[in-house]
Amino acid sequence: MRITIVGTGYVGLVTGTCLAHAGHDVTCVDTQPDRVAAVNSGRPPFYEPELAEMLSSALGEGRLRASNNTAECVASSEITVLAVGTPCCRGEIDLSYLSAAAAEVGKGLRAISDYHTVVVKSTVVPGTTDTLVRDILERASGLSAGSFGLAMNPEFLREGSAVADFMDPDRIVIGHWDEPSGQALAEIYRSFDCPKVFTTLRNAEMTKYASNALLATLISFSNEFAALCEATAGTDVEKVLGALQLDRRLSPVHNSVRIVPGILSYLRAGCGFGGSCLPKDISALRDYAVRQGVVPRLLDAVAAVNASRPAQVVAMAEEALGSLRGADVAVLGLAFKPGTDDVRDSPALAVIHQLEDKGVAVRAYDPMVRAIPGFRVCGSVRQALTGADAAILVTAWPEFADLDWTALSQIMRRPIVVDGRNALAGSNVPEGLNCIPIGRHFRPEGVSLAL
Ligand code: UGA
């Protein structure tokens with residue numbers, strides 16, 4: 001099918017490239033000329049495994065191109081997918097990019113005589129597609145919905161494995177307002193072998209939030225237990241959650257082999273979730289709930305627990321050092337999770353700001369993040385740890401566990417590491433390194449445990 005994708009962010013470009021790979025004819029549209037040029041020359045404007053190779057081959061086969069003329073592209077395609085950002089602004093979803101994109105698409109619809117379906121892929125609160133988007137399309141095109149179609153098709157792509165997630169999806173959710181649009185989406189995804197859920201626009205919109213809210217809830221659930229264990233002598237959250245995960249309802253045993261579902265990796269304590277999706281989706285959903293007259297008690301708690309974790313690792317460093325004022329502290333990891341250079345809403349940024357507020361000189365190292373405006377990022381972990389009074393490990397990069405901690409503890413002024421992800425457990429931590437895990441009652445040396 002001839003498809004226009006509006007937005008060349010990570011959702012739009014991954015979607016466009018993968019649909020071209022699946023045999024469709026795709027035009028990616030963006031208002032930023034440098035993005036259009038980058039896509040046309042086979043350079044994705046961000047890093048995502050496999051994307052550059054697939055983009056080059058789609059361009060080479062003539063199945064993909066980029067343009068900045070939305071209306072023209074819409075007019076020469078059968079389906080348009082809106083994949084622009086819906087950030088969170090002061091706790092509310094910001095639909096301005098989506099509105100602007102829908103207006104341009106509407107102009108393109110004026111020139112079309114064949115039936116055309118407009119699909120919302122951006123994450124939007126329930127009711128957005130059949131009210132705001134529909135109204136804008138109708139006004140800009142002069143047509144009534146029905147002479148064009150509407151669908152909502154949420155994405156479930158994780159940064160770092162977005163291409164693999166797209167090509168081998170768990171499920172495809174297709175919300176459609178009209179029958180032809182449901183059929184058009186079924187056609188787009190014909191070659192994808194997975195459950196396909198055909199439903200209403202609003203169910204599709206809500207499903208996306210429910211999915212991310214569950215992930216965030218599991219993380220905050222785990223972190224609530226981390227906090228409880230930190231306050232309870234004789235407890236260790238790793239043991240507690242490890243034992244909890246052995247419940248066969250969570251990890252079924254089949255032919256004597258235990259199946260470990262991927263979701264269990266979200267049942268781990270840490271210093272909080274981040275990224276461009278979970279935090280903003282929880283905020284947008286809380287705001288939506290309040291507007292609907294629902295008190296989002298659980299989501300409020302999920303957000304509050306998450307906000308408390310960076311302060312907890314800072315407090316642990318403070319307790320170990322006695323005082324943070326004037327200390328040199330290394331932050332290990334800046335990305336919101338391993339495998340990406342994305343620092344949006346990363347817990348590392350909250351940790352850094354809180355340390356700086358306490359008078360700490362902070363330096364940081366991350367295997368993929370080379371610079372943050374206004375902040376010193378070291379070129380090596382060695383450089384970050386040299387002369388440091390303590391380190392706080394914030395991102396669970398696997399290479400941190402493989403470091404030579406015996407040598408590194410000798411270049412630190414004080415060999416103290418707060419392991420904010422319990423990423424060093426099981427690695428070769430030398431006797432001389434005071435490695436403080438999270439979710440375990442912290443007992444400063446020499447203080448006996450009173451049971
Ligand atoms: C998330 C969802 O996982 C995707 O399904 C969804 O499509 C996407 O948001 C989106 O809305 O666009 P992503 O933000 O890439 O994807 O992040 P995740 O890999 O889920 O990580 C989110 C948080 O969970 C991070 O802070 C990470 O540290 C934590 N996490 C991640 C875990 O605790 N365990 C894991 O196994 C993976």
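User: Before we start, what counts as a helix or a strand here?

Analyst: Helices and strands are DSSP runs, with at least four residues for a helix and at least two for a strand, numbered from the N terminus. In this predicted model, the chain has 16 helices and 17 strands.

User: Thanks! How does the radius of gyration of the chain compare with the globule rule?

Analyst: The radius of gyration is 24 Å, close to the 22 Å that the rule gives for 451 residues, so the chain is as compact as a globular protein of that length. Along the principal axes, its C-alpha atoms fill a box of roughly 80 × 45 × 45 Å.

User: And how much of the chain is buried?

Analyst: Of the 451 residues, 52% count as buried. The chain exposes about 19900 Å², with carbon and sulfur atoms supplying 52% of that area.

User: Now the aromatic rings, please. How many aromatic pairs are there?

Analyst: Rings pair if their centres lie within 6.5 Å, and planes between the stacked and edge-to-face ranges count as tilted. The structure holds 5 such pairs. One of them is Phe166 with Tyr189, a tilted pair at 6.3 Å centre to centre with 40° between the planes.

User: Where in the chain do Phe166 and Tyr189 lie?

Analyst: Phe166 is in helix H7, while Tyr189 is in the loop between helix H8 and strand S10, so to speak a link between distant parts of the chain, 23 residues apart. Both Phe166 and Tyr189 are buried, and together with Phe192 they form one aromatic cluster.

User: Which charged residue sits over the ring of Phe156?

Analyst: That is Arg171, whose charged end is 3.7 Å from the ring centre of Phe156.

How values were computed:
Residues are numbered from 1 along each chain as its sequence is written. This is a predicted model: local features need pLDDT of at least 70, side-chain atom pairs count only at pLDDT 80 or more; totals for chains, interfaces and linings use all residues. Side-chain values use heavy atoms; hydrogens and water are left out. Rings of Phe, Tyr and Trp (its six-membered ring) pair if their centres lie within 6.5 Å; planes under 30 degrees apart count as stacked, over 60 as edge-to-face and the rest as tilted. Buried means under 20% relative accessible area, exposed over 50%, partly exposed in between (1.4 Å probe, protein chains only). A charge sits over a ring if NZ of Lys or CZ of Arg is within 6 Å of the ring centre and within 35 degrees of the ring normal. The radius of gyration is taken over C-alpha atoms; the globule rule is 2.2 Å times the number of residues to the power 0.38. Accessible areas come from the Shrake-Rupley method with a 1.4 Å probe; for residues, only the protein chains shown count as cover.
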